[in-house]
Amino acid sequence: MIPDENIQIVTLIDHKRNSKMHTVRHHLENNSAECSCKMYEREGIPCRHILWVMKEKGLESLPAAYIKTRWTKAAMNMPMFDLGGNLIEDTTNMEAVKKKVGHLWSEIFTCMALNKACFQEEIFKLLVTKESKWRHF
């Protein structure tokens with residue numbers, strides 16, 4: 001197989017995460033990239049591996065293909081659908097809808113932060129328990 005001159009393959013090793021390896025295929029002609037972690041394909045957000053490669057290549061901004069409309073302010077100007085896929089036609093009170101959506105996201109992130117804090121507290125208690133056992137050893 002002849003290697004493609006327009007694709008550069010970079011292998012990254014994450015020593016902080018059990019030396020996990022990720023392979024990034026960087027397409028030089030359009031500055032797109034694919035990573036073996038598949039975060040961009042799953043979530044629509046470029047992973048840190050892709051961002052690292054792009055930073056190392058000297059790119060000062062993300063290529064437009066990586067900026068999904070749903071993550072921009074323009075997303076609020078698009079038609080809105082309910083969970084059943086039906087178009088919500090009454091957009092006369094769009095500011096109230098935007099405020100409610102913003103509040104809901106705030107609630108989600110607050111719950112996520114609380115969950116993380118509870119998890120960290122459980123780990124701390126576990127470590128304290130283990131440490132006290134070690135002292136008695």
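Student: Leaving out residues up to four places away in sequence, which residues does Ser32 touch?

Tutor: Keep in mind that we're looking at a predicted model. With those sequence neighbours set aside, Ser32 touches Arg25, His26, His27, Met54 and Tyr66. Ser32 itself sits in strand E3, which covers residues 32-35.

Student: And which side chain does the side chain of Ser32 make a polar contact with?

Tutor: That would be the side chain of Asn30, at 2.8 Å.

Student: Let me zoom out. How many helices and strands does the chain have?

Tutor: Three helices and three strands. Following the sequence, the pattern reads β-β-β-α-α-α.

Student: Which residues make up the largest nonpolar core?

Tutor: To read a core, look for buried nonpolar residues joined through side-chain atoms within 4.5 Å. Here the largest one has twelve residues: Val10, Leu12, Val24, Ala33, Cys35, Cys37, Tyr40, Cys47, Ile50, Val53, Met54 and Tyr66. Strands E1 and E3 and helix H2 (48-56) each supply at least two of them, and H2 gives the largest share, with three residues.

Student: Take Val10 from that core. What is Val10 in contact with, beyond four places in sequence?

Tutor: Val10 is in contact with His22, Thr23, Val24, Trp52 and Val53. Val24 and Val53 are also on the list of core residues.

Student: What share of the 137 residues is buried?

Tutor: Buried residues come to 18% of the chain. As for the accessible surface, the chain has about 11,800 Å², and carbon and sulfur atoms account for 59% of that.

Student: Now Asp14: is Asp14 buried or exposed?

Tutor: The general idea is a cut-off: a residue under 20% relative accessible area is called buried. Asp14 has 14%, so Asp14 counts as buried. You'll find Asp14 in strand E1 (residues 7-14). Leaving aside neighbours within four places, Asp14 is in contact with Ser19, Lys20 and Arg48.

Student: How far apart are the C-alpha atoms of Asp14 and His49?

Tutor: They're separated by 9.6 Å, while the two residues are 35 residues apart along the chain. For the chain as a whole, take the contacts with a separation of 6 or more: 25% of these are between residues 24 or more positions apart.

Student: On to charges. How many salt bridges does the structure hold?

Tutor: Two. The thing to look for is a Lys or Arg side-chain nitrogen within 4 Å of an Asp or Glu carboxyl oxygen. One salt bridge joins Arg25 and Glu34, with the closest N and O atoms 3.6 Å apart. In the other, the side chains of Arg42 and Glu43 meet at 3.9 Å, N to O.

Student: Why does Arg42 count as exposed, and how does Glu43 rate?

Tutor: Exposed means over 50% relative accessible area. Arg42 is at 55%, so Arg42 counts as exposed. Glu43 has 37%, so Glu43 is partly exposed. In the first pair we discussed, Arg25 is partly exposed at 33%, and Glu34 is partly exposed at 32%.

Student: Which residues form the nonpolar patch on the surface?

Tutor: For a patch like this, you join nonpolar side chains within 5 Å, using residues with over 30% relative accessible area. In this model, Trp105, Ile108, Phe109 and Met112 form the patch, with about 430 Å² of accessible area together. Take Ile108: its place is in helix H3 (residues 94-135), and at 38% relative accessibility Ile108 is partly exposed.

Conventions
Residues numbered from 1 in each chain as written. Predicted model: local features only at pLDDT ≥ 70, side-chain atom pairs only at ≥ 80, totals over all residues. Heavy atoms only, no water. Patch = residues over 30% accessible without salt bridge, like charges linked within 9 Å, V, L, I, M, F, W, Y side chains within 5 Å. Areas by Shrake-Rupley, 256 points an atom, 1.4 Å probe, with all protein chains shown as cover. Helix = DSSP H or I, 4+ residues; strand = E, 2+ residues; numbered from the N terminus. Buried < 20%, exposed > 50% of the residue type's maximum accessible area, 1.4 Å probe, protein only. Polar contact = N/O pair within 3.5 Å; in protein donor to acceptor, adjacent residues only side chain to side chain. Contact = heavy atoms within 4.5 Å.
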